[in-house]
Amino acid sequence: QVQLVESGGGLVQAGGSLRLSCAASGRTSSIFVVGWFRQAPGKEREFVSRITWSSGVTYYADSVKGRFTISKDNAKNMVYLQMNSLKPEDTAVYYCAVIPQTTMSYDYWGRGTQVTVSS
């Protein structure tokens, strides 16, 4: 089992920045990939970014490419999402999730942190 706790959300004006954090605990040695997702009211959850735990290879959704940066600190079992040039359409609950080495699906999820971008 891997437990995930997100933090760092809040209210920010358009053009501003926020850094989200995802703290992992439990069987962190089993982590293969950590991803960020978001869900806006009335919309389906969508992929934002992911990072491979061992190699650090990253991937971004087109909607955030060039504005968001995912990073990790393996020693602290932390993953971060630096969000710059925020837009009102970035408003959503942001979740981190883990793909363990034994499966190829996002099996563990945090409870999310709210990000609200005002225009």
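The secondary structure of the protein chain in this predicted model comes to 11 strands and 0 helices. Followed along the sequence, the chain therefore reads as β-β-β-β-β-β-β-β-β-β-β, where strands are runs assigned by DSSP and numbered from the N terminus.

Before turning to single strands, it helps to consider the chain as a whole. The C-alpha trace spans about 40 × 25 × 25 Å along its principal axes. A compact globule with 119 residues would have a radius of gyration near 14 Å, and the protein chain, at 13 Å, agrees with that expectation. Of the 119 residues, 44% are buried, and the accessible surface of the protein chain comes to about 6,200 Å², with 48% of it belonging to carbon and sulfur atoms. When contacts between residues at least 6 apart in sequence are considered, 52% of them join residues that are at least 24 apart.

One part of the chain to look at is an open sheet of 4 strands, which are arranged in the order β1-β3-β8-β7 with antiparallel pairing. Its edge strands are β1 (2-7) and β7 (68-73), each of which pairs on one side only. On average, and with direction ignored, neighbouring strands of this sheet are turned by 15 degrees against each other. Within the sheet, β1 and strand β3, which covers residues 18-26, run antiparallel and are joined by 6 bridges; in this pairing, Glu6 stands opposite Cys22 in β3.

A second place to look is strand β4, formed by residues 31-39. Here 7 of the 9 residues are buried, so the strand is largely enclosed by the rest of the structure; buried in this sense means under 20% relative accessible area. Strand β4 pairs with strand β9 (residues 92-100) in the antiparallel sense over 8 bridges, and in that pairing Trp36 has Cys96 of β9 as its bridge partner. Strand β4 is also joined by 6 bridges to strand β5 (residues 46-52), and these two strands run antiparallel, with Val34 standing opposite Ile51 in β5. The hairpin of β4 and β5 has 6 residues between the strands, and in this hairpin Gly42 takes a positive phi near 75 degrees.

For a reader following side chains along any of these strands, one general point is useful. In a regular strand, the side chains alternate between the two faces of the sheet.

Terms used: Residues numbered from 1 in each chain as written. Predicted model: local features only at pLDDT ≥ 70, side-chain atom pairs only at ≥ 80, totals over all residues. Heavy atoms only, no water. Buried < 20%, exposed > 50% of the residue type's maximum accessible area, 1.4 Å probe, protein only. Pairing = 2+ DSSP bridges. Axes fitted to C-alpha atoms, helices over the stretch in contact; angles between N-to-C directions. Rg over C-alpha atoms; globule rule 2.2 N^0.38 Å. Contact = heavy atoms within 4.5 Å. Areas by Shrake-Rupley, 256 points an atom, 1.4 Å probe, with all protein chains shown as cover.
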